[in-house]
Amino acid sequence: MEQRHINEKKFFEAAPFNQLAKDRVGISSLKIFLGKLLYNHIRREFPGLVQEIRKLAHTCRDKLDSLGPSRQTFTEQRQFVTRLVATYQRTAIDSLSRHYNSTLEPEHHLKLRMHIRKANETFGRWMEKCGHTRPFNMVDGTVDKSFTSGPLQKGLNNIDDWILDQYRQSRGAELPGTVNPAVLESLFRQQSARWGLLAKRHIVEVEEIIRNFNQSALQSLFPEDALRAKIEARNLIFYNAAHDAAITQLSQIIVDERGGILQTINHYFADTLVKTREERVLNRLKGVGLEDGEYQTIDLAAITRAAHLSNEGQAVNDIHDILKAYYKVALKRYMDNVVLQVVERIYLGSNGPVRAIGPEYVGTLSDTELADIAAESYTTSSTRTEIGYKLQRLDKALNLAETLAI
């Protein structure tokens, strides 16, 4: 290299090259010139380079955000799941409290309380229209339309004929004209035979409403299909437990209503019975021509015949009116018990499939169980690590570039 510099110096000292400017010839001058040229080029391009680094760093952060919070350690997994289920539980509580998002569609599955309310009301209408085996009669002998869901079926036995038949079959040691209490119990059990089936149908509908709610809520809150599937699988335990508890509770309610003696302290029963008996007497008196506010000749014999019935006729009327008054009281009590004890307490309660998955539940899970739920896949973990390293290099380059005085 030294000899090369000597040869270069001799070359540029000889004519005609010795006429050139000294700062434009030689390797040393070329280095200085190219250095200034490169420096000026860098000064022109450097702001754009810094902006490009900043864009790349922003893109990397967006990619990291799209992957969600890191879930590579047990602590990160527990924090991640706790935040998600806390948000889910707030959504559930808001839905049960009728605090709906204003952007939801009218029949959106997240409107949980609205759908439960509709299902309960439908259950009540079905119980009132179809819960009985035979429709009751009015005091004039016609069918009470409040106990029919449509046109009467052909061949449907009149309830008075049915009661008379059951009354005759149950006669024993009681005095003529009196009623064996066992008859009322037997008639009521037969009359309410459909209650269990209708309640089980209601339970199936409630379970479907809750399942639709959970699917909508989890889909909006849990970003990954695999993670959502694991949470749903965990919640399946609470579904099954709620279903078993509901069937057990419903069976107990049915036994309480239909398996024991008939009893109530609801004054509606006595008031209805008194009112019905008065209406029967008034109806029979009208049958012989007696009307309020009219002057007419009174036939006491006719009135006596109208006011008094045979022993069997009186017994049938008494059984019908007692059964009808008690049925109405028991029906409302039964429907309320199904709604409160089964739907509200078991399905919508703190241990039901709507609210059981919460921060408290996460606290009971071991690290291994949490890892099974929330651990990242190998692909996600590798992608996160690669992007993280790239972002570190970009941040370091950006920090360096912003501190250089160029």
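This report walks through the fold, one helix pair, a cavity and a few single residues.

The model is a predicted one, where local features need pLDDT of at least 70, side-chain atom pairs count only at pLDDT 80 or more, and totals for chains, interfaces and linings use all residues. Residues are numbered from 1 along each chain as its sequence is written, and side-chain values use heavy atoms, with hydrogens and water left out.

**The overall picture**

The chain has 14 helices and 0 strands; here helices (H or I, at least four residues) and strands (E, at least two) are DSSP runs, numbered from the N terminus. Of the 406 residues in the chain, 36% are buried, where buried means under 20% relative accessible area, exposed over 50% and partly exposed in between (1.4 Å probe, protein chains only). Take the contacts with a separation of 6 or more: 76% of them are between residues 24 or more positions apart. A contact here means heavy atoms within 4.5 Å.

**Helix α8 against helix α13**

Two packed helices are described by the angle between their axes and the distance between the axes. For helix α8 (residues 225-258) and helix α13 (residues 367-374), the angle is about 130 degrees and the axes are 8 Å apart. That makes α8 oblique to α13. Axes are lines fitted to C-alpha atoms, for helices over the stretch in contact, and angles run from 0 to 180 degrees between N-to-C directions. Angles under 35 degrees count as roughly parallel, over 145 as roughly antiparallel, 65 to 115 as roughly perpendicular and the rest as oblique.

On the α8 side, the contact is made by Leu227, Lys230, Ile231 and Arg234, and α13 brings Glu369, Asp372, Ile373 and Ala374. By class, that is 4 nonpolar, no polar and 4 charged residues. Ala, Val, Leu, Ile, Met, Phe, Trp, Tyr, Cys and Pro count as nonpolar, Asp, Glu, Lys and Arg as charged, and the others, Gly among them, as polar.

**The cavity**

The structure holds 1 cavity of 30 Å³ or more, and the largest cavity has a volume of about 40 Å³. A cavity is a set of points on a 1 Å grid over the protein atoms alone where a 1.4 Å probe fits but cannot get out, and lining residues have an atom within 4 Å of a point. The volume is the space filled by probe spheres set on the points, with grid points joined across faces, edges and corners.

Val81, Val85, Ile231, Arg234, Ile357, Tyr361, Val362, Leu365 and Ile373 line the largest cavity. At least two lining residues come from each of α3 (74-96), α8 and α12 (359-363). The lining has 8 nonpolar, no polar and 1 charged residues.

**Single residues**

Here is how three residues sit.

| Residue | Place | Relative accessibility |
|---|---|---|
| Gln249 | helix α8 | 19%, buried |
| Asn240 | helix α8 | 41%, partly exposed |
| Arg98 | loop between α3 and α4 (112-130) | 58%, exposed |

Leaving out residues up to four places away in sequence, Gln249 touches Gln341, Val342, Arg345 and Ile346. Asn240 and Gly352 are 112 residues apart along the chain, with their C-alpha atoms separated by 9.8 Å.

Now for some backbone oddities. Most residues other than glycine have a negative phi, and most peptide bonds are trans. Arg98 is not a glycine, yet its phi is positive, at about 65 degrees. The peptide bond from Ala15 to Pro16 is cis, with omega near 0 degrees, and Pro16 is in the loop between α1 (2-13) and α2 (27-66).

Key: 1 Å grid on protein atoms, 1.4 Å probe; cavity = no way out; pocket = protein on both sides within 12 Å on 5 of 7 lines; lining within 4 Å.
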